[in-house]
Amino acid sequence: ANEKIEAYKRITAKYPREKEAYYWQGLYYQSVDLKSAVEAIEKAIELDRFYGPAVNTLGCAYLWMGNYERGIEWLKKYLALSPGDANPFDSLGAAYFGAGDLDEAIRKFKEALDLDPGFGIEWKIAYICALKEDYPEAISWLDRGTAQTTSAAVRSDSYRMRAFFQHWLGDTDQALIDLDRESEEGKGSELPSL
């Protein structure tokens, strides 16, 4: 770990005007030291205030630090930099979810899907619907996502979640059918089973 940190420090010392070096340094720091991650990413943004990936990452770093207000502020800047892109809406949805504003989170996730119906985040809306104990709506969103995707791994995960919700609704027979579908889709899947 220290070797990577030292390598990034050498790169940024040699190329102090290279935003990518600071950005990648910040990405590495995210897993070991969020404060240092924020400092590195802020340096990348100082070099290019229109650098969308860094703005998004900075917003997410603030979220991981528990500073939702600041994270949402930066993610709104990311949205302004990337109009027409689904990812900023997805990031904002995650931010509002973390901040506890479930209705706004759903709105942002839906806006992402309006821009890109194949974005693959229906499961996030389903999860929030389940938290709100609206399991039929959660299942509906999982079904929509399953119909949209070509990924066996996504379908497998959707069937697993769907089985859990069906079980909560008391429909054990349907839950078992969905678990069979999950198992069939999961063959060859890179995603681990829960």
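Biologist: Hi! Which residues of helix 10 meet which residues of helix 11?

Modeller: From helix 10, the residues are Ala-152, Arg-155, Ser-156, Tyr-159, Arg-160, Arg-162, Ala-163, Gln-166 and His-167. Their partners in helix 11 are Thr-172, Gln-174, Ala-175, Asp-178, Leu-179, Arg-181, Glu-182, Glu-185 and Gly-186. Keep in mind that this is a predicted model.

Biologist: Thanks. How does that contact divide into nonpolar, polar and charged residues?

Modeller: There are 5 nonpolar, 6 polar and 7 charged residues where helix 10 touches helix 11.

Biologist: At what angle do helix 10 and helix 11 cross?

Modeller: They cross at roughly 165°, and their axes come within 8 Å. Helix 11 covers residues 172-186. Angles over 145 degrees count as roughly antiparallel, so helix 10 and helix 11 are roughly antiparallel to each other.

Biologist: And which hand does the crossing of helix 10 with helix 11 have?

Modeller: Helix 10 passes helix 11 in a left-handed crossing.

Biologist: Let me step back. How many helices and strands does the protein have?

Modeller: It has 11 helices and 0 strands. Written as a pattern along the sequence, that reads α-α-α-α-α-α-α-α-α-α-α.

Biologist: What box do the C-alpha atoms fill?

Modeller: Taken along the principal axes, the box is roughly 65 × 35 × 25 Å. The protein has 194 residues, and 43% of them count as buried.

Biologist: What about the surface: what area does the protein expose?

Modeller: About 10,800 Å², with carbon and sulfur atoms supplying 51% of that. As for contacts between residues at least 6 apart in sequence, 39% join residues at least 24 apart.

Biologist: Back to the helices. How does helix 9 pack on helix 10?

Modeller: Helix 9 spans residues 135-148 and helix 10 spans residues 152-168; they pack at an angle of about 165°, with axes 10 Å apart. That pair is therefore roughly antiparallel, and helix 9 passes helix 10 in a left-handed crossing.

Biologist: Which residues make the contact of helix 9 with helix 10?

Modeller: Helix 9 brings Tyr-135, Ala-138, Ile-139, Leu-142, Asp-143 and Thr-146. Helix 10 brings Arg-155, Ser-158, Tyr-159, Met-161, Arg-162, Phe-165, Gln-166 and Trp-168. By class, the contact has 8 nonpolar, 3 polar and 3 charged residues.

Biologist: Earlier in the chain, at what angle do helix 5 and helix 6 pack?

Modeller: At about 165°, and the axes are 9 Å apart. Helix 5 is residues 68-81 and helix 6 is residues 86-99. Helix 5 and helix 6 are therefore roughly antiparallel, and their crossing is left-handed.

Biologist: Which residues are in the contact there?

Modeller: On helix 5, Tyr-68, Ile-72, Leu-75, Lys-76, Tyr-78 and Leu-79. On helix 6, Asn-87, Pro-88, Phe-89, Ser-91, Leu-92, Ala-95, Tyr-96, Gly-98 and Ala-99. These come to 11 nonpolar, 3 polar and 1 charged.

Biologist: One last topic. What is the phi of Glu-133?

Modeller: Glu-133 has a positive phi of about 60°, although it is not a glycine. Most residues other than glycine have a negative phi.

Biologist: Where does Glu-133 lie, and is Glu-133 buried or exposed?

Modeller: You'll find Glu-133 in the loop between helix 8 (122-131) and helix 9. Its relative accessibility is 62%, so Glu-133 counts as exposed.

Conventions. Residues numbered from 1 in each chain as written. Predicted model: local features only at pLDDT ≥ 70, side-chain atom pairs only at ≥ 80, totals over all residues. Heavy atoms only, no water. Axes fitted to C-alpha atoms, helices over the stretch in contact; angles between N-to-C directions. Helix = DSSP H or I, 4+ residues; strand = E, 2+ residues; numbered from the N terminus. Parallel < 35°, antiparallel > 145°, perpendicular 65-115°, else oblique. Left-handed = near helix turned anticlockwise from the far one by under 90°. Contact = heavy atoms within 4.5 Å. Nonpolar A, V, L, I, M, F, W, Y, C, P; charged D, E, K, R; others polar. Buried < 20%, exposed > 50% of the residue type's maximum accessible area, 1.4 Å probe, protein only. Areas by Shrake-Rupley, 256 points an atom, 1.4 Å probe, with all protein chains shown as cover.
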